[in-house]
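Reader: I should like to go through this model one region at a time, with the reasoning set out for each answer.

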Amino acid sequence: MAMKIALPDLNGQKTEYSLTGVPLPSAVLSGQSARIVYSAAHVVADPFTNNDPSGSPAIDWGKTLEFRRYLAGLGIGIAESMDTAQRGMGLDWPKALELITHTRKELPDALVANGCGTDHLLPQDARSVDDVIRAYLEQVEAIQAVGGRLILMASRALVKVARSAADYLRVYSDVLSACDQPVILHWLGEMFDPALAGYWGSVSFEDAVETVLEIIEVNKSKVDGIKISLLDKQKEIVLRRRLPSGVKMYTGDDFNYPELIEGDDQGFSHALLGIFDPLAPAAAYAVSKLGEGDTAAFRSTLDPTVPLARTIFRAPTQYYKTGVVFLAWLNGFQDHFIMVNGAQALRPLPYFTEIFRQADQCGLLRDPEKAVHRMTSLLAVYGA
């Protein structure tokens, strides 16, 4: 008999919902999988801290690392200390480096790339491009000292001090010259972080692309690939088709990932996605099928997850982390729904009820009975 739960609508009127989803088949990706797949993994907050949400972040290291072991067990790479982990939005640089160090020690053989930025330099404190270069190099040195590979994240401070595209070329060339392994660049759109509007020295996508391509061409030996997070598949395809040979495109498009990962006759995108935190089992199974040449199974697994992804990442997009951690809680990866910076409060109740329904319909509730129990407890907090 299907499990049932009464879910409220926008007026608080309850309607009985019958769970219909069946958990997805399992699969583990190998090092020879059809696509490189990174999940930008979330952190688990310590719910018992006495720190105020606006203060220093308190992390439950045990549960945080347990989730990373789960991802690695699926053969999925870990994009560490990225915005999914609320980097620059609650998780500060000292805690990010601590997380990077823990993950490196815990999973020395896993595929891990680590977010490297300038978030310890507040934009209002940046006076020059040289300040930004020094800030980047401080993080480069610290991450490389523990043997970590890099994702070179966008810099809010650079937006403030840069006067032209030439400043971006100078900063990235100087920083890349200090990297001991090829890095992944990250083009993060303003829908994820409004402070990054005008990145690469222009509000014009066409002009920004030319700057990015020049940076990559000048520093090609130091660039593994670029992750583009603009939620616009055509922009990603335009850049993908112009990348130099050997430089990979990693999709950061949490709305159009099935099509972009499958690709076309002119190429495809690998994956570095925040949505592949809650969608990890679907990603592993789908990409395993793609490797078998079964594109129909790949699409039939991932396509039904897109409405869920669009709900999680709905505007204001930067609050998507709340949906990611909500699903981790429903699925038993953590015992509470408390987040760094109090971000569990940044979405309304209907957001959670819709995620619950859609996750069930995609087969992404690992233990439906536990998920119903936890959803019921959340409803009680809201008086529902």
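**The largest pocket and its surroundings**

Author: In this predicted model, 24 residues line the largest pocket, and those nearest its centre are Arg 87, Gly 88, Asp 119, Arg 156 and Asp 193.

Reader: Which elements give two or more residues to the lining of the largest pocket?

Author: The space in this pocket comes to about 390 Å³. Of the helices and strands, those that give two or more residues to its lining are helix H4 (156-161) and strand S7 (183-188).

Reader: Is strand S5 (residues 112-116) largely enclosed or left open by the rest of the structure, and which strands does S5 pair with?

Author: Taking buried to mean under 20% relative accessible area, 5 of the 5 residues of S5 are buried, so the strand is largely enclosed by the rest of the structure. S5 pairs in the parallel sense with strand S4 (residues 77-80) over 3 bridges, where Ile 78 stands opposite Val 112. Through 4 bridges S5 is also joined, again in parallel, to strand S6 (residues 149-152), with Cys 116 having Leu 152 as its bridge partner. The enclosed strand S5 therefore pairs with S4 and S6.

Reader: Through which helix does the chain cross from S5 to S6?

Author: S4, helix H2 (residues 93-106) and S5 make a right-handed β-α-β unit. From S5 to S6 the β-α-β crossover is likewise right-handed, and the helix it passes through is H3 (residues 129-145).

Reader: Which residue in strand S10 (residues 270-273) stands opposite Tyr 250?

Author: Strand S8 (residues 223-229) and strand S9 (residues 248-251) pair in the parallel sense over 4 bridges, and together with helix H7 (residues 233-242) they make a right-handed β-α-β unit. S9 and S10 are also parallel, with 2 bridges between them. Opposite Tyr 250, on S10, stands His 270.

Reader: Through which helix does the chain cross from S9 to S10?

Author: This β-α-β crossover is right-handed, and the chain makes it by way of H8. The same helix (257-262) is included in what covers the buried residues of helix H9. The helix asked for is H8.

Reader: How many residues of H9 are buried, and what covers them?

Author: Helix H9 (residues 280-291) reaches 17 Å from its first C-alpha to its last, close to the 16 Å expected. Because 10 of its 12 residues are buried, among them Tyr 285 and Lys 289, H9 is largely enclosed by the rest of the structure. The buried count is thus 10, and the cover includes strand S3 (37-40), helix H1 (61-73), helix H8 (257-262) and helix H10 (295-302).

Notes. Residues numbered from 1 in each chain as written. Predicted model: local features only at pLDDT ≥ 70, side-chain atom pairs only at ≥ 80, totals over all residues. Heavy atoms only, no water. Expected span 1.5 Å × (residues − 1). Buried < 20%, exposed > 50% of the residue type's maximum accessible area, 1.4 Å probe, protein only. Contact = heavy atoms within 4.5 Å. Pairing = 2+ DSSP bridges. Right-handed = clockwise from strand over helix to strand, strands pointing away. 1 Å grid on protein atoms, 1.4 Å probe; cavity = no way out; pocket = protein on both sides within 12 Å on 5 of 7 lines; lining within 4 Å. Points joined across faces, edges and corners; volume = space filled by probe spheres on them.
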